[in-house]
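This briefing is meant to be read beside the sequence and the coordinates. It moves from the overall layout to a single helix and then to one side chain.

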Amino acid sequence: MTDTTLRPKGPLHPRGGLYLEDFTVGGVIAHRLTRTVTQMDNMLFSNMTLNPQPLHIDAHFCATETEWGRPIVNSLFTLGLMIGISVNDTTMGTTIANLGMTDVKFPAPVFEGDSLHCTSEVAANRESRSRPDAGIVEFIHRAYNQDGTLVAECRRQAFMRKRPKG
């Protein structure tokens with residue numbers, strides 16, 4: 001559900017995304033999409049990124065040699081999922097490019113079977129100094145598990161389209 005502090009100031013992009021002018025600093029979006037993380041997600045992502053870390057892919061290792069007792073989900077998968085969940089409600093068709101991600105934190109582990117839900121807060125919004133048709137929105141994305149525990153957070157700077165004139 002979209003928080004009332006982020007009401008579009010005009011028509012949405014045909015794909016549903018918000019434009020630069022629609023993002024109010026301090027506005028928060030509680031994203032509608034949620035996702036339960038599976039063992040397959042973790043294994044495929046770890047294998048696709050050539051990450052052989054046994055903490056993610058070796059149940060026996062985790063059961064006998066870690067404090068968790070089971071594999072934890074690759075944190076970069078969690079980061080990608082968190083940002084991916086935000087796209088449908090924020091930047092679908094209106095992002096020109098991602099400019100960066102900072103202050104990435106994983107305060108609690110994600111395990112197979114955890115269901116994640118996310119929020120995005122608008123931390124900053126400014127027009128581009130070099131492009132009159134664009135600007136930069138800074139988001140603080142947060143992901144929570146089914147118990148409400150914060151499992152991931154990052155600041156993301158997105159280069160965004162302004163609403164077309166006419």
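The points below are grouped by topic, from the whole chain to individual polar contacts. The model is predicted, and the values quoted are computed from its atoms. The protein has 4 helices and 6 strands, which follow one another along the sequence in the pattern β-β-α-α-α-α-β-β-β-β.

**Overall layout**

- Taken along the principal axes, the C-alpha atoms of the protein fill a box of roughly 65 × 30 × 25 Å.
- Of the 166 residues of the protein, 40% count as buried, while the accessible surface comes to about 8900 Å², with 56% of that area belonging to carbon and sulfur atoms.
- Among contacts in the protein with a separation of 6 or more, 68% are accounted for by residues 24 or more positions apart.
- The protein carries 17 positive and 17 negative side chains, and the centres of these two sets lie 12 Å apart.

**Helix α4**

- Helix α4 covers residues 75-87, and because a rise of 1.5 Å a residue gives an expected span of 18 Å for its 13 residues, the distance of 19 Å between its end C-alpha atoms agrees with that expectation.
- The buried residues of α4 are Phe77, Thr78, Leu79, Leu81, Met82, Ile83, Ile85 and Ser86.
- These buried residues of α4 pack against two elements that precede the helix in the sequence pattern, namely β2 (35-36) and α1 (39-48), and also against the strands β3 (95-105), β4 (115-127), β5 (134-144) and β6 (150-161).
- At the start of α4, a side-chain oxygen of Asn74 comes to within 2.9 Å of the backbone nitrogen of Leu76.

**Asn42 and its surroundings**

- Asn42 is found in helix α1, and it counts as buried because its relative accessible area of 5% falls under the 20% cut-off.
- Leaving aside neighbours within four places in sequence, Asn42 is in contact with His56, Ile72, Val73 and Asn74.
- One of these partners, His56, is 14 residues from Asn42 in sequence, and the C-alpha atoms of the two residues are 7.1 Å apart in space.
- The side chain of Asn42 reaches the backbone oxygen of Ile72 at 3.4 Å, and a polar atom of the Asn42 side chain also lies 2.8 Å from the backbone nitrogen of Asn74.
- Asn74 thus appears in both groups of contacts described here, with its backbone nitrogen facing the side chain of Asn42 and its side-chain oxygen facing the backbone nitrogen of Leu76 at the start of α4.

Technical notes: Residues are numbered from 1 along each chain as its sequence is written. This is a predicted model: local features need pLDDT of at least 70, side-chain atom pairs count only at pLDDT 80 or more; totals for chains, interfaces and linings use all residues. Side-chain values use heavy atoms; hydrogens and water are left out. Buried means under 20% relative accessible area, exposed over 50%, partly exposed in between (1.4 Å probe, protein chains only). Contact means heavy atoms within 4.5 Å. Accessible areas come from the Shrake-Rupley method with a 1.4 Å probe; for residues, only the protein chains shown count as cover. Lys and Arg count as positive and Asp and Glu as negative; His and the chain ends are not counted. The place of a charge is taken as NZ of Lys, CZ of Arg, CG of Asp or CD of Glu. The expected span of a helix is 1.5 Å times one less than its number of residues. A polar contact is a pair of N or O atoms within 3.5 Å; within protein, one must be able to donate a hydrogen and the other to accept it, and residues adjacent in sequence count only if both atoms are side-chain atoms.
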